[in-house]
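Hi everyone, thanks for making time this morning. Let me put the structure up, and then we can walk through it together.

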Amino acid sequence: MVSIPKGTRDFSTVEMARRNYIFNTIKSVFSLYGFRQIETPAMENMSTLMGKYGEEGDKLLFRIQNSGEKANTPPEKGLRYDLTVPFARYVVQHRDEIQFPFKRFQIQPVWRADRPQKGRYREFYQCDVDVVGTTSLTCELELIQIVQEVYRRLGIRVCLHINNRKVLAGIAEVIGEPEKLVDITTAIDKLDKIGQENVNKELLERGLSAEAVEKIQPIMQLNGSNMEKLEQLSSILASSEVGMAGVRELQTIFSLLQATGFDGESLPIELDLTLARGLNYYTGAIFEVKALDVQIGSITGGGRYDNLTGIFGMPNVSGVGISFGADRIYDVLSECHLFPDDLGSTTQLLFAVFGDEELRYALRWALALRQQGLRVEVYPEPAKMKKQMGYADAKQIPWVAIVGSNEMETNTVMLKNMLTGEQTLVSLEALQAQIGG
């Protein structure tokens, strides 16, 4: 029985029209902010990928077992896990060709050897937008504005969760476990999935003392407004230089939002101290966006990385970016019935013909209409009218132009409205006005 690998999917013509609607919406917002598109290869050298995603991420890398190397040699290449690490490699490799700050977006598939489940696939598209070469927090502001505009256009109600890895580093310091930052972030990043009790259990298993785990509880459960949480954090992290740096960065971002008249109703923002983003390369602000009307994981995520290019020999190049998960966005739009009815891909008019001469006549008309931007098909051969009408029905084509000998003599077609069944004899100009109007 023919099949495809688990965690992958075929996409029908309808699904592709909907996916392109998502991609085009996202692209149009990216371009408003001066981001330009690049692409990188599906496979990267394993030396590029390994060690960049943390312990959990490295386990999910797809290794290419045979790509022309000698037998029994370790895999030297793998499928990309995300678009950020390949982007860092691209920046280093093309440093003499690009202008900093460099603003790029990238829409391509990535692969993860994960267990397939609802909203989680082994092959899926990411829509990334990043800027590198500046530490300015106005970049974080613009990313938040991009999130707001993308989801406004798509009609999805979302909430943006924000935190800062410096704050998490400060928390690790004040509970007396500074060297356990990666273990702490890896564990608490699973809070939504496994719950507080299991997070605490994992923290103990990762070597944190019971006293440290106890100290972290009230910090993860801070409540109140965002500004109230920041005030409490300022008190808790007063002895941590790195922690206070994170607090100040968050205060600046909220201040910039306020200065630009940001609408917190259309995009609620929550300072979430349990948000950790498991990837090791984040160093500053981190983001996740969750849909409010569908139970699904985050649909957008990202953050600041101060030295990702350093691992490729180009230190001190700060960047920040976010990634829109197109496949999860698709699922949310489907579940909430938010896709537009007409996505501009359906054929507007089908020519149905009785014979070879009528076919040639229809081909000339179809070409003239296409040159005016109309989406037109010609049934490719004479056939019974019932078959041609059935074809139009199956493809939900709203208009059929019937061509017979009488129509050719009067330089007209019989235009049929497939919804009402009404038929009218029309000229080429009238047909164009009717379909294009």
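So, let's begin with a pocket. This is a predicted model, and its second largest pocket has a volume of about 630 Å³. Which residues lie nearest the centre of that pocket? They are Asp341, Ser345, Thr346, Lys395 and Gln396, out of a lining of 22 residues. By character, the lining divides into nine nonpolar, eight polar and five charged residues. Helix H1, residues 13-32, and helix H16, residues 428-436, each supply at least two residues of the lining. H1 gives the largest share, with four residues.

Now, over to helix H5. H5 covers residues 138-154, 17 in number, and reaches 24 Å from its first C-alpha to its last, close to the 24 Å expected. Right after H5 comes glycine 155, with a positive phi near 80 degrees. Is H5 largely enclosed or left open by the rest of the structure? It is largely enclosed, because 13 of its 17 residues are buried.

That takes us to the packing. In general, nonpolar side chains tend to be buried together in soluble globular proteins. Here, the largest nonpolar core has 99 residues, and Tyr151, Phe324 and Ile329 touch the most other members. The largest share of this core, nine residues, comes from H5. Apart from it lies another core, of 20 residues, including Val353, Tyr361, Leu374 and Val378.

Last stop, Phe324. Leaving aside neighbours within four places in sequence, Phe324 is in contact with residues including Ile146, Val147, Val150 and Tyr151, and also with Ile26 and Phe30.

That's my tour; over to you for questions!

Note on methods. Residues are numbered from 1 along each chain as its sequence is written. This is a predicted model: local features need pLDDT of at least 70, side-chain atom pairs count only at pLDDT 80 or more; totals for chains, interfaces and linings use all residues. Side-chain values use heavy atoms; hydrogens and water are left out. The expected span of a helix is 1.5 Å times one less than its number of residues. Buried means under 20% relative accessible area, exposed over 50%, partly exposed in between (1.4 Å probe, protein chains only). On a 1 Å grid over the protein atoms alone, a cavity is a set of points where a 1.4 Å probe fits but cannot get out, and a pocket is an open set with protein on both sides within 12 Å along at least five of seven lines; lining residues have an atom within 4 Å of a point. Grid points are joined across faces, edges and corners, and a volume is the space filled by probe spheres set on the points. Ala, Val, Leu, Ile, Met, Phe, Trp, Tyr, Cys and Pro count as nonpolar, Asp, Glu, Lys and Arg as charged, and the others, Gly among them, as polar. A nonpolar core is a set of buried Ala, Val, Leu, Ile, Met, Phe, Trp, Tyr and Cys residues joined through side-chain atoms within 4.5 Å. Contact means heavy atoms within 4.5 Å.
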